[in-house]
Each structure stands twice: as structure tokens, then as C-alpha cells.
Amino acid sequence: MIRLPFSAQARGPARRSVTPQTQRRLPQINHRIAALAASGALALAAFLAIQVFGDPGAAGPRRVVSLTPSEAAADAPRMSFADAAVEGSELEQFSLDDLPQAPGAEIGEIDSSGQLRVAVVEAPEANVRIVSPPLPRAPFAGLTETGPNGPLPIVAANGRTPAQAYARPFTAQQARPMIAVVIGGLGFNAVATTQAIDELPAEVTLSFVPYASNLQGWIDRARARGHEVLLELPMEPFDPDADDTGPQTLLSSATGPQNISRLEQLLSRGAGYFGVTNYQGARFATSAQASQPVVQALRRRGLVFISSGIGQRTALSVEAQRAGLTNTAADRIIDTRREADAIDDQLLNLEALALQNQSAIGAGFAYPVTMEQVGRWSRDVSARGYQLAPASAVLSARAARR
């Protein structure tokens, strides 16, 4: 209803003679059509303003995702929303607020043709780390004794060993080969050590240098992130001048008591490691006489030994077997060449070895490129049919097959 101006109402209705000429000058106006035309003009003006003044790229690159059924689904049975909402239906019902909101995604609207249009902002892949439950703080009661330089690991009265107590719990999946990765050289460089602890998957085993300051703090932090820990034992290399292994290096020329004294100093630097690994040691590993007392001491203390870079069959490994020390060797050093492509190739070699032998162990150093490539590789290794496992799990599986 169109109301007349107040002054016109006050005068009351008045008659005017309308001639044919007046009708031609003042055609009848359809007010609904006029309103629609005005709305369309405003919408067009707004659209043009956005195109001229707006920044369509402000939210990043976008693309419209069509949800129209493909040709392959043309014959699929159809159901209306009304049918799906019948009371008693087993279908779950959601509101828009219930839908998962991924970063960079927007819920679109149904356009005039009845299609749902969704605008998606393409953002870089987020590096989302799955937080694993922490491992308990070490040391555990009954698993240490007082030594001349600090606490030393021992087998508990009930027979539980540090190797069992401090290993990361793990459940193997049938028909999935296991791959373990050990990242070593940790504790000296705070940035690299923090990156390894915080960014690598908890299944990656971390190996620490015994000379590192605040070693126990680093071990505690690693276990709090779910990582099991190895302690590195510096062993004599072939060229001591080129490779400085520190003052407590186990020597092929030292007597048994001398090496045991050094071993105990190294082991007392911290607690919470399930086993040890070598740092260097190519010369030491050739001496059965020097190796024998060391592996026997490790066996008595309930530890295990994982070697890397000194060969699969050495005097050290033979003496470890004779002493009953659970041990194995890494199958590949993954970063002999510190290049992304070379590391990727070694990780693929680990997959091939695991497929052939049911398991594989790779060892690397805490180089930024190594940790970056291991992190990338680990994100989809499960999708290829493998299981990322802590080194202790691979070691146990190999020992069970012997």
C-alpha cells in the first residue's frame, strides 16, 4: 500500500480530470519491478566496486571446487535431504557449525543453479607433529647403583634390565616391515638437539654424546617427547688425529681395567638410556682383547649395543655374541653424503632392506638436512606399507629370530 503525503491527506480526496494526453505523459508504474530494478542496480554497483577497489588475492590463491556428480556416478541411487532426515534414520545429521574447519577452507553457498560452491584457500602444507605420550622420567628405582663418578645402570632385583625399562613401548603390526632410524651426535648443539627432540617422530631413536653439558636434562627432555635414548661410547678410530673422540675414549691398546674405568665414567654421565652405540671405533672394533671386558660389563649392567659404521662382522660384534650381549648393527648410514637427494636414496634403500629382511636400521647425524629429510620421509612411510619403529623394537625382533 502506498501512502500519500501528509498534506495530500489533510486536504482530503480531490478529483482530477485525466485526459488521454495525461495518461501518455504519466504511465502507470509497477512498483515491484521498480524495486527489483533498483536492487539489481545496487548489486551491480557493489560488484563493480569490488572488482575495481577490492583485492581478490588478499586471502591467497583460490579455486572453486565443483561438487557436481561425475559421469561415473550418474547412475548412482539418489536420496533427497528430506528423505535422509526422516525420524529414525541411521544417518548422522550435522549443522554447518559441526563441520571440521581446516585452516584455509571456507564453506560456500548454494548458488542460483543449485550447486554448492566452496572456495578453498591453498596454503602451504602444515607441519603438524603428533604429540606422543611422554616416557617416564629416569632413573627408575632399583635400576641404578652408586659408582665412583655417579649412578651406574644395573639389573633390578626382579631381573628387569635398563634395556627393558627405558625402551620405548611398541606393538608390531603383522605384515608390515619395521624401519628404525637413529639420529646421533646430540647434546653439543642446542639448536640441532632441540630440533631433533621436538620435530622428529617419537619413534625415532636419539643418541647423545656423553660429553654434552646438562646431558641428563637433554635425556629427560627427549623422553618427555616420547623418544627412547642411546648413549654414545667414544671408541678409538684408525686416525685419532683426524677424529677427536675425547678423553674417555675406549682404546684398543688399553688394559681391561683401564677401559672399564673409562666405560663407567661414560655410563655415569646420565640415566634413562636403554643401550649404547659407538662413536667412531673402527680400530677398537678390531681388537677382541680390548672388546671382551667392555661387552661383558655392558651385559652385566643390562644394556644393549647397536653399532654403526664399523662393519657388520667385527671382533667387537663377535665378542658381544659370546658374552650374551644383545646387539645388532645399523644397515645404512643415511647421510654419508649431506645432500637431500642422497639421503632420500638411502631411506629408500632402508625400505628395500626392510622388505627383504623384515626390518632395517638407518643411522644418521643431527645435520639439519638429515632431520629435514627424515621428517618428510616419516610422514608417509606408513602409507607405503612400512612401520616406523624404535631401534629397540627392531633389535628385539632380530634377537628373537636368532
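**Pocket**

I looked up the second largest pocket and found about 580 Å³ of space in it. I counted 24 lining residues, and those closest to the pocket centre are Tyr 279, Ser 308, Ile 333, Gly 364 and Phe 365. I note that this is a predicted model.

I then sorted the lining by class. It holds 11 nonpolar, 10 polar and three charged residues.

Next I asked which strands supply at least two residues each to this lining. I listed strand 6 (178–186), strand 8 (229–235), strand 9 (275–280) and strand 13 (359–365). Which strand gives the most? Strand 9 does, with four residues.

**Strand 13**

I followed strand 13 from the pocket lining into the sheet. Is strand 13 largely enclosed or open, and why? Six of its seven residues are buried, that is, under 20% relative accessible area, so the rest of the structure largely encloses strand 13.

I checked its pairing with strand 6. The two run parallel and are joined by seven bridges. I picked out one pair: Met 178 has Ser 359 of strand 13 as its bridge partner.

I checked strand 12 (residues 332–333) as well. It pairs with strand 13 over two bridges, also in the parallel sense. Here Ile 333 stands opposite Ala 363 of strand 13. I had already met Ile 333 among the residues closest to the centre of the second largest pocket.

Last, I traced the connection. Strand 12, helix 11 (residues 340–357) and strand 13 form a β-α-β unit, and I logged its hand as right-handed.

Conventions:
Residues are numbered from 1 along each chain as its sequence is written. This is a predicted model: local features need pLDDT of at least 70, side-chain atom pairs count only at pLDDT 80 or more; totals for chains, interfaces and linings use all residues. Side-chain values use heavy atoms; hydrogens and water are left out. On a 1 Å grid over the protein atoms alone, a cavity is a set of points where a 1.4 Å probe fits but cannot get out, and a pocket is an open set with protein on both sides within 12 Å along at least five of seven lines; lining residues have an atom within 4 Å of a point. Grid points are joined across faces, edges and corners, and a volume is the space filled by probe spheres set on the points. Ala, Val, Leu, Ile, Met, Phe, Trp, Tyr, Cys and Pro count as nonpolar, Asp, Glu, Lys and Arg as charged, and the others, Gly among them, as polar. Buried means under 20% relative accessible area, exposed over 50%, partly exposed in between (1.4 Å probe, protein chains only). Two strands pair if DSSP finds at least two bridges between them. A crossover is right-handed if, with the strands pointing away from the viewer, the path from the first strand over the helix to the second runs clockwise.
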